[in-house]
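The exercises below ask you to read a fold from its atoms, working from the overall order of elements down to single rings and backbone angles. Try each task on the structure before reading the solution that follows.

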Amino acid sequence: MNIIKNGGFESGSLAPGWRQTPGSAQFDGGVVAGQGYGGNYSLVMRGMDFVEQVLPFARADGDLMFYAKSESEIYAGPFYVRVVYLDGSETLEFISLSQNWKHYKIPVSKSKLISKIQFGTGETGAVYIDIVTLMGRRPDMSRYYIRKRYLKKFYGLPPYKIPKSL
């Protein structure tokens, strides 16, 4: 199953699933109508924008895939995709975009638990993203002991207490 929520941005907003990366500058982009590859909406990122989707304890069964394009051929800023794993390691890919929609695949470790995926742009130009997919599975959280440090470090959440009855 696709573990990315709102991968086509058809909700008309970042929610559910996506958020501006905490600590990043003001978000200049957003979800726009009429620019989608596979629907009505797509995500547009403009100059130093960073968005992410937290995927707590998910495991991938395939590659991270999406469609992307730049606003113009003279787009000069870097565009990157980052997959962060629960053990702190990451996959980081810098991508050169064209003005036409293109399908991209980012290899994802199938042996590690994923913490989050992140898209980031450089200082100039605009990037459009649509149909983000990552096949995998999310565990039943009641079957896992969640340590305070993981929740605090990766998600900024208070400790989760699992009742002894589970």
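**Exercise 1. Work out in which order the elements run from the N terminus on, and how many helices and strands the chain has.**

Solution. In this predicted model, tracing the elements from the N terminus on gives the order β-β-β-β-β-β-β-β-β-α. Counting them yields nine strands and one helix. A next step is to ask how far apart in sequence the contacting residues are: of the contacts with a separation of 6 or more, 74% are between residues 24 or more positions apart. As for the surface, the chain exposes about 8800 Å², of which carbon and sulfur atoms supply 51%, while buried residues make up 42% of the 166 residues.

**Exercise 2. Determine which strands pair with S4, in which sense, and over how many bridges.**

Solution. Begin with S1, which pairs with S4 in the antiparallel sense over three bridges; here Gln20 has Val51 in S4 as its bridge partner. Continue with S8, where the pairing with S4 is antiparallel over seven bridges and Phe50 has Gly120 as its bridge partner. The pairing of S4 with S9 is again antiparallel, over eight bridges, and Ala68 stands opposite Ile129 there. Finally, S4 and S7 pair in the antiparallel sense over five bridges, with Met65 opposite Lys105 in S7. The burial of S4 can then be assessed: 15 of its 21 residues are buried, so this strand is largely enclosed by the rest of the structure.

**Exercise 3. Find which members of the largest nonpolar core touch the most other members, and which strand supplies the largest share of that core.**

Solution. The core holds 32 residues, and those touching the most other members are Phe66, Phe119, Ile129 and Val132. Strands S3 (41-46), S4 (50-70), S5 (79-85), S7 (102-106), S8 (113-121) and S9 (126-137) each supply at least two residues of the core. The largest share is that of S4, with seven residues. Such a core fits a general tendency, since in soluble globular proteins nonpolar side chains tend to be buried together.

Now take Phe66 as a single case. Its relative accessible area is 0%, and because the cut-off for buried is under 20%, Phe66 counts as buried. Leaving out residues up to four places away in sequence, Phe66 touches a set of residues that includes Phe79, Val81, Ile95, Tyr104, Phe119, Ile129 and Val132, and also Lys102, His103 and Asp130.

**Exercise 4. Classify the ring pairs Tyr37–Tyr67 and Phe66–Tyr104, and locate each partner along the chain.**

Solution. A search of the whole structure finds 10 aromatic pairs. For Tyr37 and Tyr67, the centres are 4.0 Å apart and the planes meet at 15°, a stacked arrangement. This pair links distant parts of the chain, as Tyr37 is in the loop between S2 (30-33) and S3 whereas Tyr67 is in S4, 30 residues apart. Tyr37 itself is partly exposed, at 40% relative accessible area.

For Phe66 and Tyr104, the centres are 5.6 Å apart and the planes stand at 25°, which is under the 30 degrees required, so this pair is stacked as well. Phe66 lies in S4 and Tyr104 in S7, so the pair ties together parts that are 38 residues apart in sequence. Tyr104 is buried, with a relative accessible area of 9%. Both rings belong to one aromatic cluster, formed by Phe9, Trp18, Phe66, Phe79, Tyr104 and Phe119.

Two charged side chains can be added to the list of ring interactions. Lys69 lies over the face of Tyr128, 5.4 Å from the ring centre, and the charged end of Lys112 sits over the ring of Tyr85, 5.3 Å from its centre.

**Exercise 5. In the segment before S1, identify the backbone features of Asn6, Phe9 and Pro16.**

Solution. Asn6, in the segment before S1, has a positive phi near 60° although it is a residue other than glycine, and at 16% relative accessibility Asn6 counts as buried. Phe9 lies in that segment too, with a positive phi of about 60° and a relative accessible area of 0%, which makes Phe9 buried. Pro16, likewise placed before S1 (18-20), is joined to Ala15 by a cis peptide bond with omega at about 0°.

Definitions and conventions:
Residues are numbered from 1 along each chain as its sequence is written. This is a predicted model: local features need pLDDT of at least 70, side-chain atom pairs count only at pLDDT 80 or more; totals for chains, interfaces and linings use all residues. Side-chain values use heavy atoms; hydrogens and water are left out. A nonpolar core is a set of buried Ala, Val, Leu, Ile, Met, Phe, Trp, Tyr and Cys residues joined through side-chain atoms within 4.5 Å. Buried means under 20% relative accessible area, exposed over 50%, partly exposed in between (1.4 Å probe, protein chains only). Helices (H or I, at least four residues) and strands (E, at least two) are DSSP runs, numbered from the N terminus. Contact means heavy atoms within 4.5 Å. Accessible areas come from the Shrake-Rupley method with a 1.4 Å probe; for residues, only the protein chains shown count as cover. Rings of Phe, Tyr and Trp (its six-membered ring) pair if their centres lie within 6.5 Å; planes under 30 degrees apart count as stacked, over 60 as edge-to-face and the rest as tilted. A charge sits over a ring if NZ of Lys or CZ of Arg is within 6 Å of the ring centre and within 35 degrees of the ring normal. Two strands pair if DSSP finds at least two bridges between them.
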